[in-house]
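Trainee: I am new to this structure and would be grateful for a close look at one part of it. Could you please choose a helix and describe it together with its surroundings?

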Amino acid sequence: MGASDRRLGYTSRVDSSLSPLIAQAARLLSESLHIVALVGAGISTESGIPAFRGPDGRWSSGHPGSNQYQSFLADPAEWWRERRAAQSRGGYSNWDDAKPNSGHLALADLETMGFVHHVVTQNIDNLHQLAGTCSISEFHGNRFKLRCIDCGGRWLRETFVHSSDSIPTCPDCGGVVKSDTVMFGEPIPRDAIQRSLAEAGRADCCLVIGTSAVVFPAANVPLIVRQNGGRLIEINPSPTPLSEICDVVLRAAAGEVLPAIVETLREVFPAGRPTPAPRDS
Ligand code: NAD
Ligand code: ZN
């Protein structure tokens, strides 16, 4: 391990003591037919976005602020006023500059190579998509989008035209429009739950990356895979409630481990996963 892979645009720099576990994780991925990844805020810490429960996270540094769904429903106009004021103060600019890191890029490469079939992310930062991941469910929404609370329609923030001194409403159903990001107390969007649970139900392997695995229903994804006899691979520097039932636990940063897994698979399958032979009917 440790060689730089120019084709991938990142470097595998994992500690050599992890090599046997990396090899085991790569083998499990190559033996599995349908692989989902459940991803949490940990993968984006290497892009400069603090996790919720880390030392700089919002749980540690205070309160959910005005991001309460009940407050929004009670007075959406006030919520929009606060949001516009925060934006004009440049309140979100530290997140705007974030770029995908080697963990996001390697996860997208695993999809291209046929070793990840769907990503269920709890992140709202859009970094998976910027890295190239295509098949994705966003449990907690996307901070670059807006959503109608009635019909679930979504739009990119900058393409949604509305007057700057009123509550935006849905062009399709007239419902109130809010940020797509799921607020405290707000139900998870139904399309994300349905797709994630369907993917988990088909999966025989789940990569659990950078999540404390305590937020439900997202944490159900690996549990469903496990209940169906599938394998679990955890990538997290810290233990989680899932660690004990995982087949492989990699105690290191996602930005180190995922490139090493890609590199290992690339050595055996330079053209990606071989297409399975068609079954006899
Ligand atoms: P969490 O904050 O509860 O846990 C983060 C986990 O990542 C921890 O277990 C930690 O040990 C691990 N971790 C830290 N650095 C890591 C690294 N480099 N590689 C791998 N793992 C690492 O995160 P959560 O489980 O996703 O739950 C928090 C909720 O907060 C999310 O559901 C999300 O909606 C929201 N959130 C999102 C972002 C984002 O979009 N980037 C950031 C903060 C919070
Ligand atoms: Zn609508």
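Mentor: The account below takes helix 9 as its subject and then moves outward to the surrounding parts.

The model is a predicted one. Its chain has 281 residues, of which 38% are buried, and its secondary structure comes to 10 helices and 11 strands. Among the contacts with a separation of 6 or more, 67% join residues 24 or more positions apart.

Helix 9 spans residues 220–227, and its buried residues are Val-221, Pro-222 and Val-225. These three lie on the same side of helix 9, because the arc they cover around the axis is only 90 degrees. A general rule about helices is helpful here: an α-helix has 3.6 residues a turn, so residues three or four places apart point the same way.

What covers this buried side? The cover of the buried residues includes strand 3 (35–39), strand 4 (118–121), strand 9 (205–209) and strand 10 (231–235), together with helix 8 (190–202).

The four strands just mentioned belong to an open sheet of 6 strands, whose order is 5-4-3-9-10-11 and whose pairing is parallel. At its edges are strand 5 (136–138) and strand 11 (248–250), each of which pairs on one side only. On average, neighbouring strands of this sheet are turned by 15 degrees against each other, direction ignored. Within the sheet, strand 3 and strand 9 run parallel and are joined by 5 bridges. In one of these pairings, Ile-35 has Cys-205 of strand 9 as its bridge partner.

Other helices lie across this sheet as well. Helix 8, which is part of the cover of helix 9, lies across strand 3, strand 4 and strand 5, and runs at about 135 degrees to strand 5. Helix 1 (residues 19–31) lies across strand 3, strand 9, strand 10 and strand 11, and its direction makes an angle of about 130 degrees with strand 11.

The approach to helix 9 along the chain also deserves attention. The loop between strand 9 and helix 9 holds Ala-213 and Pro-217. Ala-213 has a positive phi of about 55 degrees, although it is not a glycine. Is Ala-213 buried or exposed? Ala-213 is buried, because 22 other C-beta atoms lie within 10 Å and the cut-off for a buried residue is 20 or more. The peptide bond from Phe-216 to Pro-217 is cis, with omega near 10 degrees. As a general background, most residues other than glycine have a negative phi, and most peptide bonds are trans. On the other side of the helix along the chain, just after helix 9, Gly-229 takes a positive phi of about 90 degrees.

A further positive phi is found at Asn-126, with a value of about 70 degrees, and this residue is not a glycine either. Asn-126 sits in the loop between strand 4 and helix 7 (127–131). With 17 C-beta neighbours inside 10 Å, Asn-126 counts as partly exposed.

Finally, the model includes a ligand. Ligand 1 is surrounded by 29 residues, and the closest are Gly-40, Gly-42, Ala-51, Gln-122 and Asn-123. The shell around ligand 1 consists of 15 polar, 11 nonpolar and 3 charged residues.

Key:
Residues are numbered from 1 along each chain as its sequence is written. Chains are lettered from A and ligands numbered from 1 in the order in which they are written. This is a predicted model: local features need pLDDT of at least 70, side-chain atom pairs count only at pLDDT 80 or more; totals for chains, interfaces and linings use all residues. A residue is buried if 20 or more other C-beta atoms lie within 10 Å of its own, exposed if 12 or fewer, and partly exposed in between; C-beta atoms are placed from the backbone. Helices (H or I, at least four residues) and strands (E, at least two) are DSSP runs, numbered from the N terminus. The arc is that of the directions from the helix axis to the C-beta atoms. Two residues are in contact if their C-beta atoms, placed from the backbone, lie within 7 Å. Two strands pair if DSSP finds at least two bridges between them. Axes are lines fitted to C-alpha atoms, for helices over the stretch in contact, and angles run from 0 to 180 degrees between N-to-C directions. A residue is near a molecule or strand if its C-beta atom, placed from the backbone, lies within 6 Å of it. Ala, Val, Leu, Ile, Met, Phe, Trp, Tyr, Cys and Pro count as nonpolar, Asp, Glu, Lys and Arg as charged, and the others, Gly among them, as polar.
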